[in-house]
Amino acid sequence: MTRSEQTPETPETPRTSRRDFLRIAAGAGTASLAAACKWDGGNAVRPRLLDISRVNDWVGEKLLYSPSRLAREYATTERTANVPSYFISRTLPLLKDPAAWRLRVDGLVRQPLDLSLDDLMRMPRTTYTVKHHCVEGWTAISTWHGVPVSAIAERAELLPAARYARFVSFDADYSNGWDLASAMHPQTILAYGWNDNPLPPSHGAPLRLYAPIKLGYKMTKYLVSVTFTDKRPGGYWEDQGYPWFAGV
Amino acid sequence: MVTSGLQIYGAYAKFGERGGPYYVNPFQDTEFPGWSRLGGWLAGALNWHFALMWGLVGVGLLYLCYMVASGEWRSLLFRRRDVRGAIAMQQYYLRLRKDHPPQGKHNPLQKFAYTFIVLLGVLSVLTGFAIYKPVQFSWLTALFGGFQAARYWHFWAVWIFVGFTIVHVILVFAVDPPSFRAMITGWYRGRFPSHD
């Protein structure tokens, strides 16, 4: 292999004057601004933006998140009247046979579990009235009740190797991956009740993940399984570019 | 930062808890034109916004460090003793006073503008942080009157900044075009000797 094949031949670089440099910089600046409109970065920039998003995830998880800081609780009179609900399927996801539903708990646990709704209701219950933060910018106050994820982990005898939790739904292919510290937060619960009533299908019946320390899209509805793992699980929105940590 | 912010705004183009009441906002439910929005969709805009944030905060901190280290802050910071001079300068501009008040490198109104815009930048970053981590930094969010109020101030800071920049650049061309080059290169070759 000759030298010219190894390195592309470059002509003697003409010395760029400050004036030329400024002219180029101004032109490039204008061009990039024009191209920027509605632009997600394309194949060149988008991966770099996602790299920075991973850095921000790290900052959010390791530097800014406190496992003992509790989200503020509100009076039930402050509840928001109309809380919107979302799902991925074309129509409202409903169980064909609710009585047959079980929550599967597996992965890095000593004791995998299959829990019915009655089993969950017999476990310690947490109730709180908190503010929901949606990534879109809206907020809404509701009351939720259910079992802390930490109580589930304890009952399943979580292994020390576990670092993440993966929550999977029966709503199309919706799922979320969580860092273990956020999953073990005392306000992270598997909710089966909303505003003092059983969880309605629009909000994820029979069971959904809820936590006032994350953005709404991290809270998996229509739960079927919780899997503890040592590899970072993706998620429905996270895999499309939304921030993975999404702690508030 | 502004253009990705306008894309983010479109996802919930109002300020207040779901269902209202909402803060007074002439842009309520407004979708800003496509050319003014960066990111294509919400996730794309968020990723631009949170990436460019590092540049804004980094340059801002560098600027403040330089101001302190070089002592330049003395000629830019608006202080209590500048109030009288600022009034005199404003009278001169409104032609209520004939002679140009004496000044150093910058007159008191210029100092006011430079101090104001730095504070506005700090406000933008802090309100942004209050929206980014309203639970971890709930004290900061509460300082701005809550999550929706912090969003509101974050949004208005943008329009004040845009307005300031437009007026600033118009004044540059109207009063002293050579200072436009000085803004970019750092070298001034205009008619105001006090600038050097």
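Start by selecting helix 3 of chain A together with helix 2 of chain B: their axes come within 9 Å and cross at roughly 70 degrees. Angles of 65 to 115 degrees count as roughly perpendicular, and that makes helix 3 of chain A roughly perpendicular to helix 2 of chain B. Turn the view until one helix lies over the other, and you can check the hand of the crossing, which is left-handed. Keep in mind as you go that this is a predicted model.

**Stop 1: where the two helices meet**

Which residues should you show as sticks here? From helix 3 of chain A, pick Leu49(A), Leu50(A), Ile52(A), Ser53(A) and Asn56(A). Their partners in helix 2 of chain B are Asn47(B), Trp48(B), Phe50(B) and Ala51(B). Colour this helix pair by class and you will find six nonpolar residues, three polar ones and no charged ones.

**Stop 2: the whole contact between the chains**

Now widen the selection to the full contact of chain A with chain B, which takes 36 residues from chain A and 29 residues from chain B. On the chain A side, the elements that give two or more residues are helix 2 (18-36), helix 3 (42-64) and strand 4 (139-148). Which of them gives the largest share? Helix 3 of chain A, the helix you have just visited, does so with six residues. By class, the chain A side divides into 20 nonpolar, 11 polar and five charged residues.

**Stop 3: the two domains of chain B**

Next, hide chain A and colour chain B by its domain assignment: domain 1 covers 1-71 and domain 2 covers 72-171. Put a marker at the C-alpha centre of each domain, and the two markers will be 18 Å apart. Where these domains touch, 14 residues come from domain 1 of chain B and 12 residues from domain 2 of chain B.

Stay on the domain 1 side, where helix 1 (2-9) and helix 2 (42-70) of chain B each give two or more residues. Helix 2 of chain B gives the most, with six residues. The domain 1 side divides into eight nonpolar residues, five polar and one charged.

**Stop 4: helix 1 of chain B**

Finally, select helix 1 of chain B. Is this helix enclosed or exposed? Seven of its eight residues are buried, so helix 1 of chain B is largely enclosed by the rest of the structure. To highlight the buried ones, choose Thr3(B), Ser4(B), Gly5(B), Leu6(B), Gln7(B), Ile8(B) and Tyr9(B).

Notes. Residues are numbered from 1 along each chain as its sequence is written. Chains are lettered from A and ligands numbered from 1 in the order in which they are written. This is a predicted model: local features need pLDDT of at least 70, side-chain atom pairs count only at pLDDT 80 or more; totals for chains, interfaces and linings use all residues. Two residues are in contact if their C-beta atoms, placed from the backbone, lie within 7 Å. Helices (H or I, at least four residues) and strands (E, at least two) are DSSP runs, numbered from the N terminus. Ala, Val, Leu, Ile, Met, Phe, Trp, Tyr, Cys and Pro count as nonpolar, Asp, Glu, Lys and Arg as charged, and the others, Gly among them, as polar. Domain bounds come from an automatic or database domain assignment. A residue is buried if 20 or more other C-beta atoms lie within 10 Å of its own, exposed if 12 or fewer, and partly exposed in between; C-beta atoms are placed from the backbone. Axes are lines fitted to C-alpha atoms, for helices over the stretch in contact, and angles run from 0 to 180 degrees between N-to-C directions. Angles under 35 degrees count as roughly parallel, over 145 as roughly antiparallel, 65 to 115 as roughly perpendicular and the rest as oblique. A crossing is left-handed if the near helix is turned anticlockwise from the far one by less than a right angle, and right-handed if clockwise.
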